[in-house]
Amino acid sequence: MATEIRGAGGTATARVTDVTRMDEVEGLIEFAAGEYGPVDHLVNNAGLMVFSKWSDRAVDDWDKMIDTNLRGYLHAISAVLPGMIARRSGHILNLGAVAGTRVGGASGVYGATKFFIRGITDSLHQEVGVTHGIQVSMISPGVIDTGWARRSPTPRASRSPRTSTRARSTPPASPSTTSSSTPPARTGEPARPWKRSTS
Ligand SMILES: NC(=O)c1ccc[n+]([C@@H]2O[C@H](COP(=O)([O-])OP(=O)(O)OC[C@H]3O[C@@H](n4cnc5c(N)ncnc54)[C@H](OP(=O)(O)O)[C@@H]3O)[C@@H](O)[C@H]2O)c1
């Protein structure tokens, strides 16, 4: 992605980081600060969406989603918050999901991680948003074709019998968001905002 952004005339630097590791996230924030100065914007985006039914008992997948979608966000928030509080400015943007308001089929744990993200976003907003001048927001997309389903982990024959991979790469055909306030279910296309207009 960094190459694509640079190719389009922008500026970008990348560093491979596992967000489940606090030390690596701290290293990333230090690296970014060294390249560009203090971190003003954090976009908590890294996430895993692995679908399974409760009866599948896909414990490995639940653990991975909890490590990435919960701990990963917390690690990044923890790494940037002291600087933002000291500067009394900054923006934390958390990627939630429609599933964080209404859970769809075969997405109990994934949806629950997004409920968690809604909770921490509300709490951060109350605690540091107003009193410390930090902007805290959340985006909750519906189903967007970013290719995540095709990149879902391949079922492994060596998995423990407790860890079913059934339905892991097969999300519900449409999210079960049947509330009348929810737009008709359809898959969206990712935007490419960094592509500069030639006109
Ligand atoms: N697409 C949707 O329909 C949809 C709907 C609602 C919400 N969301 C949310 O939007 C966010 C992005 O989703 P997406 O559709 O862009 O998914 P994606 O295409 O699968 O991208 C997920 C990204 O997270 C990264 N990642 C996963 N585990 C990581 C880890 N341990 N450390 C660092 N990076 C890690 C992946 O890196 P690698 O490629 O290197 O593994 C990948 O770049 C997620 O939080 C997701 O829950 C997506």
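A polar contact is a pair of N or O atoms within 3.5 Å, and this cut-off is applied below to a predicted model.

**Exercise 1.** Determine which atoms of Y73, I144 and W148 make polar contacts with the ligand, and how much of the ligand the protein buries.

*Solution.* Begin with W148, where a polar side-chain atom lies 3.2 Å from a nitrogen atom of the ligand, a distance that falls within the 3.5 Å limit. For I144 the partner is a backbone N or O atom, placed 2.7 Å from an oxygen atom of the ligand. In Y73 an N or O atom of the side chain is 3.4 Å from a ligand oxygen. Taken alone, the ligand exposes 890 Å², of which the protein buries 70%.

**Exercise 2.** Describe the shell around the ligand by its nearest residues, its elements and its residue classes.

*Solution.* The shell holds 22 residues, of which N45, Y110, I144, T146 and R151 come nearest to the ligand. Two or more residues each are given by α3, α4 and α5 (148-151). Sorted by class, the shell has eleven nonpolar, eight polar and three charged residues.

**Exercise 3.** Find how many cavities of 30 Å³ or more the model has, and what lines the largest cavity.

*Solution.* The count comes to one cavity of 30 Å³ or more, and the largest cavity encloses about 50 Å³ of space. Its lining includes V50, W54, W62, M65 and Y110. The elements that contribute two or more residues to this lining are α3 (59-87) and α4 (108-129), with α4 giving the largest share, three residues. By class, the lining comprises seven nonpolar, three polar and one charged residues.

Note on methods:
Residues numbered from 1 in each chain as written. Predicted model: local features only at pLDDT ≥ 70, side-chain atom pairs only at ≥ 80, totals over all residues. Heavy atoms only, no water. 1 Å grid on protein atoms, 1.4 Å probe; cavity = no way out; pocket = protein on both sides within 12 Å on 5 of 7 lines; lining within 4 Å. Points joined across faces, edges and corners; volume = space filled by probe spheres on them. Helix = DSSP H or I, 4+ residues; strand = E, 2+ residues; numbered from the N terminus. Nonpolar A, V, L, I, M, F, W, Y, C, P; charged D, E, K, R; others polar. Near = heavy atom within 4 Å. Polar contact = N/O pair within 3.5 Å; in protein donor to acceptor, adjacent residues only side chain to side chain. Areas by Shrake-Rupley, 256 points an atom, 1.4 Å probe, with all protein chains shown as cover.
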